[in-house]
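I opened this notebook to record what I looked up in the structure, beginning with one residue and working outwards to the whole chain.

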Amino acid sequence: MNVLIYWLDMAGVIVFALSGVVLACRSRMDPFGMLVLAAVTGIGGGTLRDLVLGVRPVFWVTDPTYLWVILATVGLAILGFHYIHRLSRGFLPVADAFGLALFVVIGAHKALQLGTSGLVAVLMGMMTGVAGGMVRDVLARRVPMVLREEIYATAAIAGGIAYVGLDALGASGPLAIALSLMTTLSLRLAAIHWHLALPTFAWVVIPRSPKAAPPVSAEGTTPPPPPAAPPRPKVRVRMIRPDQSRRRKNRS
């Protein structure tokens, strides 16, 4: 089981590092920028997880293989630089989805091994999968995927719940890993393909209806209305469906 988790962790580092390289190429960064984005994406979430859980030293300090894997990924990407530019726009979110699914399992498994509760294990799985991509997007001056109107962190939470729940029920390790990966991947890939998103809440300004005209007197003249302040619009918090939000963005 530990060997399987280790190789899944390496696969997640490779996939996330590659997504960082792709974003660095599209942002026109130099090789050092590619290395930085690949590193923070590949080991950033796990580093934050270990710091929160009090693991000292963090995993890549005790096992520098992770750093060599990132260097090898960046080196191969530089050699195949022209092929990276030919990748479609959909490659980055799909690769990010696979890395997210892998890291959710890694984070939840490590938290359970350290004796944390199921809730903490789910949060650690989400943190491991989300934090590295957030730092990557911030360095590339993009809105992080987790902050957009997309099913991203929700998919990570669902995958973590699936793994922790199956582990509590006594399921075998490979079965729990497989079902957790399928849960996170199915939700995230479905959100990418069908543009699924959660509803948002926003302040909505509701203008007040104009007051009725004053009545006409018997002499046929209308008395001047008293001076009054203009009516203040109502402000309410309303839930906006994803399709409404997209239409507003397109109009703007």
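**Entry 1, Ile157.** I began with the neighbours of Ile157 and found that, once those within four places in sequence are left aside, Ile157 is in contact (heavy atoms within 4.5 Å) with Val122 and Met126. I noted that Ile157 has its place in helix 8, where helices are DSSP runs of H or I with at least four residues, strands are runs of E with at least two, and both are numbered from the N terminus. Ile157 counts as partly exposed because its relative accessibility is 32%; by the cut-offs used, buried means under 20% relative accessible area, exposed over 50% and partly exposed in between, with a 1.4 Å probe and protein chains only. I also looked up Leu123, which is 34 residues from Ile157 in sequence and 7.2 Å from Ile157 in space, C-alpha to C-alpha.

**Entry 2, basis of the values.** I wrote down that this is a predicted model, in which local features need pLDDT of at least 70 and side-chain atom pairs count only at pLDDT 80 or more, while totals for chains, interfaces and linings use all residues. Residues are numbered from 1 along each chain as its sequence is written, and side-chain values use heavy atoms, with hydrogens and water left out.

**Entry 3, the chain as a whole.** I recorded 10 helices and two strands in the protein chain, running from the N terminus as α-α-α-α-α-α-α-α-α-β-β-α. Of the 252 residues, 38% are buried. Among contacts with a separation of 6 or more, 76% are between residues 24 or more positions apart.

**Entry 4, helices 6 and 7.** I found that helix 6 (residues 91-113) and helix 7 (residues 118-139) pack at an angle of about 140 degrees, their axes being 7 Å apart; the axes are lines fitted to C-alpha atoms over the stretch in contact, and angles run from 0 to 180 degrees between N-to-C directions. The residues making this contact include Leu92, Leu100 and Phe103 of helix 6, and Met124, Thr128 and Arg136 of helix 7.

**Entry 5, the core.** I looked for the largest nonpolar core, meaning a set of buried Ala, Val, Leu, Ile, Met, Phe, Trp, Tyr and Cys residues joined through side-chain atoms within 4.5 Å, and found that it has 48 residues, with Val21, Leu100 and Ile177 having the most contacts inside it. Helix 1 (2-26), helix 2 (31-53) and helix 9 (173-194) are among the helices that each supply at least two residues of this core. Leaving aside neighbours within four places in sequence, I listed Met34, Ala38, Val74, Ala77 and Ile84 as the residues in contact with Val21.

**Entry 6, two threonines.** Thr184, in helix 9, counts as buried because its relative accessibility is 0%. Its side chain reaches the backbone oxygen of Ala155 at 3.5 Å, and, not counting residues up to four places away in sequence, Thr184 touches Leu100, Ala101, Val104, Ala155, Ala156 and Gly159. Thr47, in helix 2, also counts as buried, because its relative accessibility is 17%. The side chain of Thr47 reaches the backbone oxygen of Ile43 at 2.6 Å, and with the same sequence neighbours left out Thr47 touches Val58, Phe59 and Trp60.

How values were computed: Polar contact = N/O pair within 3.5 Å; in protein donor to acceptor, adjacent residues only side chain to side chain.
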